[in-house]
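The following account leads through the structure shown below, beginning with its charged contacts and moving on to its pocket and surface.

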Amino acid sequence: MNSRQNQLKAFDRLLTIMDELREQCPWDKKQTMETLRHLTIEETYELGDAILDKDLEEVKKELGDVLLHIVFYARIGSETNHFDIADVCNSICEKLINRHPHIYSDVKVENEDDVKRNWESLKLKEGKTSVLEGVPKSLPALVKANRIQEKVAGVGFDWEEPNQVWEKVEEELNEFKTEVQSGNQDRMESEFGDVMFSMVNYARFLNINPENALERTNKKFSKRFQYLESKAKALNKPLKDMTLAEMDVFWEEAKKL
């Protein structure tokens with residue numbers, strides 16, 4: 001691994017290149033925080049894909065793309081004298097120090113749960129009126145549900161045992177089943193949301209990240225379906241002309257790969 005000196009040298013190189021691009025490249029010169037926003041979100045998802053795929057070479061590349069965006073935003077901020085990359089770094093350093101009093105002060109903690117509770121309490125002392133203020137409104141619903149539950153659990157609003165959460169899941173499933181039988185679309189959707197929210201909560205108690213779990217299943221399903229498509233193509237037979245029994249043969253083959 002590189003020495004701290006080489007790490008700083010590489011970061012300085014990136015800052016220099018960013019300055020040059022911002023001053024000389026027509027595309028880079030016209031970018032704003034608003035035009036970069038959707039690209040940043042895309043890069044973050046690509047990093048997430050690489051992490052789930054356990055492709056460390058790709059993780060390295062995607063981290064570079066995300067880092068470029070951070071440097072880009074900081075450069076734009078410096079042009080209006082609002083902040084620069086040093087302000088960004090110092091800001092997060094101060095936050096980390098303030099929120100880790102068990103490292104940088106005399107607060108004692110016994111475990112990870114104590115750290116999380118202290119973190120949320122400290123955020124309220126910083127002026128936030130709700131622990132939920134830290135949950136971005138634009139997060140995908142599944143991720144948001146998980147973060148909401150983590151936040152409220154951090155201040156003690158939580159179940160005590162996993163079996164209690166599972167009982168809640170069963171309760172919500174029964175309520176959903178009742179609404180399905182009634183045929184009321186609005187109430188079905190509401191109860192389905194409750195089922196998903198309770199399942200996310202149960203996953204948290206089992207230390208399962210629901211977003212990662214669902215994405216792994218998405219990837220698994222896609223891989224198997226693409227195998228099915230390839231077999232159908234080899235037979236020169238469109239999928240729509242195959243019976244479910246015929247497709248199931250290839251699906252079972254795909255499951256063994």
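In this predicted model, a network of salt bridges links Asp-19, Arg-22, Glu-23, Arg-75 and Glu-79. A search of the whole structure finds 14 salt bridges. Two of the contacts in the network involve Arg-75, and they can be taken in turn.

In one of them, Arg-75 pairs with Asp-19, with 2.8 Å between the closest N and O atoms. Because Arg-75 belongs to helix H4 and Asp-19 to helix H1 (residues 4-24), this pair ties together parts that are 56 residues apart in sequence. Arg-75 also forms a salt bridge with Glu-79, where the closest N and O atoms are 2.9 Å apart. Here both partners lie in helix H4, 4 residues apart, which corresponds to about one turn of the helix.

The accessibility of these residues can be read against the 20% limit for burial. Arg-75 has a relative accessibility of 17% and therefore counts as buried. Asp-19, at 31%, counts as partly exposed, and Glu-79, at 37%, counts as partly exposed.

Helix H4, which spans residues 56-79, also contains Val-71. Val-71 has a relative accessible area of 2% and is therefore buried. Its C-alpha atom is separated by 6.9 Å from that of Leu-15, although the two residues are 56 apart along the chain.

Leu-67 is another residue of helix H4, and its relative accessibility of 34% makes it partly exposed. Together with Ile-70 and Val-88, Leu-67 forms a nonpolar patch on the surface, and the three have about 200 Å² of accessible area together.

Attention now turns to the largest pocket. The space within this pocket amounts to about 740 Å³. Its lining comprises 23 residues, and those nearest the centre are Glu-112, Asp-113, Lys-116, Glu-150 and Arg-204. Helix H7 (112-125), helix H8 (141-153) and helix H10 (185-205) are the elements that each give two or more residues to the lining. H7 gives the most, with 7 residues. By class, the lining divides into 11 charged, 6 polar and 6 nonpolar residues.

Glu-150, one of the residues nearest the centre of the pocket, meets Arg-147 in a salt bridge with an N to O distance of 2.4 Å. The two are 3 residues apart in helix H8, so about one helical turn separates them. Glu-150 counts as partly exposed at 31% relative accessibility, and Arg-147 is partly exposed with a relative accessible area of 31%.

Note on methods. Residues are numbered from 1 along each chain as its sequence is written. This is a predicted model: local features need pLDDT of at least 70, side-chain atom pairs count only at pLDDT 80 or more; totals for chains, interfaces and linings use all residues. Side-chain values use heavy atoms; hydrogens and water are left out. Patches are made of residues with over 30% relative accessible area and no salt bridge: like charges are joined within 9 Å, nonpolar side chains (Val, Leu, Ile, Met, Phe, Trp, Tyr) within 5 Å. Accessible areas come from the Shrake-Rupley method with a 1.4 Å probe; for residues, only the protein chains shown count as cover. A salt bridge is a side-chain nitrogen of Lys or Arg within 4 Å of a carboxyl oxygen of Asp or Glu. Buried means under 20% relative accessible area, exposed over 50%, partly exposed in between (1.4 Å probe, protein chains only). On a 1 Å grid over the protein atoms alone, a cavity is a set of points where a 1.4 Å probe fits but cannot get out, and a pocket is an open set with protein on both sides within 12 Å along at least five of seven lines; lining residues have an atom within 4 Å of a point. Grid points are joined across faces, edges and corners, and a volume is the space filled by probe spheres set on the points. Ala, Val, Leu, Ile, Met, Phe, Trp, Tyr, Cys and Pro count as nonpolar, Asp, Glu, Lys and Arg as charged, and the others, Gly among them, as polar.
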